[in-house]
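Let's take a walk through this model, one neighbourhood at a time. Have the viewer open and follow along.

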Amino acid sequence: MIFIYHDYGGTHTTSLAAAYHLNKLPTHRKLTKEEILAVDYFNQLTASDMGKLIFRGLDEDGNPVYTVGKGNSKAVLPAMVHMASMLQDKFKNDEPIIFSNTSPTVPMMMSIGGFLSRGLKLDVIGVPFLVNGAQQCCRTIYELVLHTKETAAARAATESVIVLDNQHFKRKGQ
């Protein structure tokens, strides 16, 4: 299986999801500021990174894990899904590709922090918002990762490309 976590920027919730997927974060408690800021690529990507698949590592079963930021484009994900299906058919590949949307987990605090930090380059103001937002949603992101793995395992035998919109993970008040 190939896992691809995606959202708007590809640098906050996707980074946390990839880190949880790869067992790089504790799962039994809220993350600390230091743990959040130490996650690979967290708050590091820019607009020039949009649409680039970023390899995050191999999970415990040897499955590659990637992330991608879609930016404002509504065409990136459909294009990637279409390309994945085309390549699966052309090369008779039987390795499922799972696209999992982390956007529903983003709290307002993280959106504000991302805009200030990545958009306006005001890290001193934006990063505290990002950390607070990450702490608000870290449990939800972990649950999304578990759901992604379980759904992939259940559907891999019958589907070569699996798209999870994950709207049921939307936080109340968003």
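Start with Cys138, which counts as buried because its relative accessibility is just 4%. Keep in mind that what you're looking at is a predicted model. The residue next to it in the numbering, Cys137, is buried too, since its relative accessible area is 0%. With two cysteines like that, you might go looking for a bond, so how far apart are the sulfurs of Cys137 and Cys138? The sulfur of Cys137 sits 6.8 Å from the one in Cys138, its closest cysteine sulfur, and that is too far for a bond. To put a number on it, a disulfide needs the two sulfur atoms within 2.5 Å. Cys138 is accordingly in no disulfide, and the count for the structure is 0.

Next, have a look at helix α1, residues 13-21. How many of the residues of α1 are buried? The answer is 9 of the 9, so the helix is largely enclosed by the rest of the structure. The buried set runs through Thr13, Thr14, Ser15, Leu16, Ala17, Ala18, Ala19, Tyr20 and His21. As for what does the covering, the list includes the strands β1, β2 (54-58) and β3 (64-69), along with helices α4 and α5 (123-155). In general, an α-helix has 3.6 residues a turn, so residues three or four places apart point the same way. Color the α1 residues by accessibility and you'll find Thr13 and His21 both in the buried group, with Leu16 and Tyr20 there as well.

Step off the end of α1 and the backbone does something worth a glance: just after the helix, Asn23 takes a positive phi of about 60°, although Asn23 is not a glycine. This residue belongs to the loop between α1 and α2 (33-38). Is Asn23 buried or exposed? Asn23 is exposed, because its relative accessible area comes to 53%, and the cut-off for that label is over 50%.

There is another asparagine with a positive phi of about 60°, namely Asn166. Asn166 is found in the segment after β5 (161-164), and its setting is a buried one, given a relative accessible area of 2%. Its side chain reaches the backbone oxygen of Asn101 at 2.9 Å. Setting aside residues up to four places away in sequence, Asn166 touches Ser100, Asn101, Pro104, Leu144 and His147.

That contact list hands us over to Ser100, which lies in strand β4 (residues 97-101). Ser100 counts as buried because its relative accessibility is 0%. Which side chain shares a polar contact with that of Ser100? The partner is Thr148, at 2.7 Å. Again leaving out residues up to four places away in sequence, Ser100 touches Ile4, Tyr5, His6, Leu144, Thr148, Leu164 and Asn166. Leu144 therefore turns up in the contacts of both Ser100 and Asn166, where contact means heavy atoms within 4.5 Å.

Now for the pockets. The largest one holds about 610 Å³ of space. Its lining is made up of 26 residues, and the closest to the centre are Tyr8, Gly9, His12, Ser111 and Gly114. Helix α4 (residues 108-119) gives the most to this lining, with 7 residues. Sorted by class, the lining of the largest pocket has 10 nonpolar, 12 polar and 4 charged residues.

The second largest pocket comes in at about 200 Å³. Among the residues lining it are Ile2, Ile4, Leu53, Tyr66, Met80, Met83 and Phe99. Elements that give two or more residues to this lining are β1 (2-7), α3 (76-91) and β4. Which element supplies the largest share of the lining? That would be α3, with 5 residues. By class, this second lining has 10 nonpolar residues, 2 polar ones and no charged residues. One last link is worth picking out on screen: Ile4 lines the second largest pocket, and Ile4 is also among the residues that Ser100 touches.

Methods:
Residues numbered from 1 in each chain as written. Predicted model: local features only at pLDDT ≥ 70, side-chain atom pairs only at ≥ 80, totals over all residues. Heavy atoms only, no water. Helix = DSSP H or I, 4+ residues; strand = E, 2+ residues; numbered from the N terminus. Buried < 20%, exposed > 50% of the residue type's maximum accessible area, 1.4 Å probe, protein only. Polar contact = N/O pair within 3.5 Å; in protein donor to acceptor, adjacent residues only side chain to side chain. 1 Å grid on protein atoms, 1.4 Å probe; cavity = no way out; pocket = protein on both sides within 12 Å on 5 of 7 lines; lining within 4 Å. Points joined across faces, edges and corners; volume = space filled by probe spheres on them. Nonpolar A, V, L, I, M, F, W, Y, C, P; charged D, E, K, R; others polar.
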